[in-house]
Amino acid sequence: MQKIVSDPKIMMGKPVISGTRITVELILEKLAAGETLQQILEAHPRLSDEGIRVARKISEF
């Protein structure tokens, strides 16, 4: 299960998908720009569709 973590030593403390340096912000920007789930996954092989779902869920708050 991928989750969101924040560590001041990683990406200046921005929320990232656990085990990666992929920020929630980056995922949301790509989705807002119209990229598909498949395009994002191809660009970031360490990311899973679950990671994208978690990022989307956080944005709903």
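## Exercises on a predicted model

With a relative accessibility of 46%, K3 counts as partly exposed, a class that lies between buried (under 20% relative accessible area) and exposed (over 50%), as found with a 1.4 Å probe and protein chains only. The model is predicted, so that local features need pLDDT of at least 70 and side-chain atom pairs count only at pLDDT 80 or more, while totals for chains, interfaces and linings use all residues. Residues are numbered from 1 along each chain as its sequence is written, and side-chain values use heavy atoms, with hydrogens and water left out.

### Exercise 1: K3 and its surroundings

Work out where K3 lies in the chain and which residues it touches beyond its sequence neighbours.

*Solution.* Begin with the position: K3 belongs to the segment that comes before β1 (4–5), where helices (H or I, at least four residues) and strands (E, at least two) are DSSP runs numbered from the N terminus. Next, look for contacts, meaning heavy atoms within 4.5 Å; once residues up to four places away in sequence are set aside, K3 touches V16, I17 and S18. Finally, compare sequence with space: K3 and G51 are 48 residues apart along the chain, and their C-alpha atoms are separated by 6.8 Å.

### Exercise 2: Phi angles in a loop

Find the sign of phi for M11 and for M12, and decide how accessible M11 and M12 are.

*Solution.* Locate the residues before reading any angle: M11 lies in the loop between β1 and β2 (16–17), and M12 is found in the loop between β1 and β2 as well. As background, most residues other than glycine have a negative phi. M11, which is not a glycine, has a positive phi near 50°, and M12, also not a glycine, has a positive phi of about 55°. For accessibility, M11 has a relative accessible area of 31% and is therefore partly exposed, whereas M12 reaches 77% and counts as exposed. A further positive phi, about 95°, is taken by G34 just after α1.

### Exercise 3: Two residues in loops

Decide whether I22 is buried or exposed, do likewise for H44, and list what I22 touches.

*Solution.* I22 sits in the loop between β2 and α1, and with a relative accessible area of 9% it is buried. Leaving out residues up to four places away in sequence, I22 touches P15, V16, I17, I27, H44 and L47. H44, one of these partners, lies in the loop between α2 (37–43) and α3 (49–59), and its relative accessible area of 18% makes it buried. Seen from H44, the contacts outside the four-place window are I22, L26 and K30.

### Exercise 4: How α1 meets α3

Which residues of α1 and α3 meet, and at what angle do the two axes cross?

*Solution.* Take the axes to be lines fitted to C-alpha atoms, for helices over the stretch in contact, with angles running from 0 to 180 degrees between N-to-C directions. The axes of α1 (residues 24–32) and α3 come within 9 Å and cross at roughly 90°. This makes α1 roughly perpendicular to α3, since angles of 65 to 115 degrees are given that name, while those under 35 are roughly parallel, those over 145 roughly antiparallel and the rest oblique. From α1, V24, I27, L28 and L31 meet G51, I52, A55, R56, I58 and S59 of α3.

### Exercise 5: Buried sides and the core

Name the buried residues of α1 and of α3, and state which residues form the largest nonpolar core.

*Solution.* In α1 the buried residues are V24, I27, K30 and L31; they cover an arc of only 130° around the axis, which puts them on the same side of α1, the arc being that of the directions from the helix axis to the C-beta atoms. An α-helix has 3.6 residues a turn, so residues three or four places apart point the same way. The cover over the buried residues of α1 includes β1, β2, α2 and α3. In α3 the buried residues are G51, I52 and A55, and their arc of only 100° around the axis puts them on the same side of α3. These buried residues of α3 pack against β1, β2, α1 and α2.

For the core, look for buried Ala, Val, Leu, Ile, Met, Phe, Trp, Tyr and Cys residues joined through side-chain atoms within 4.5 Å. The largest nonpolar core has 10 residues, namely I17, I22, V24, I27, L31, I40, L41, L47, I52 and A55. At least two residues of this core come from each of α1, α2 and α3, and α1 gives the most, with three residues.
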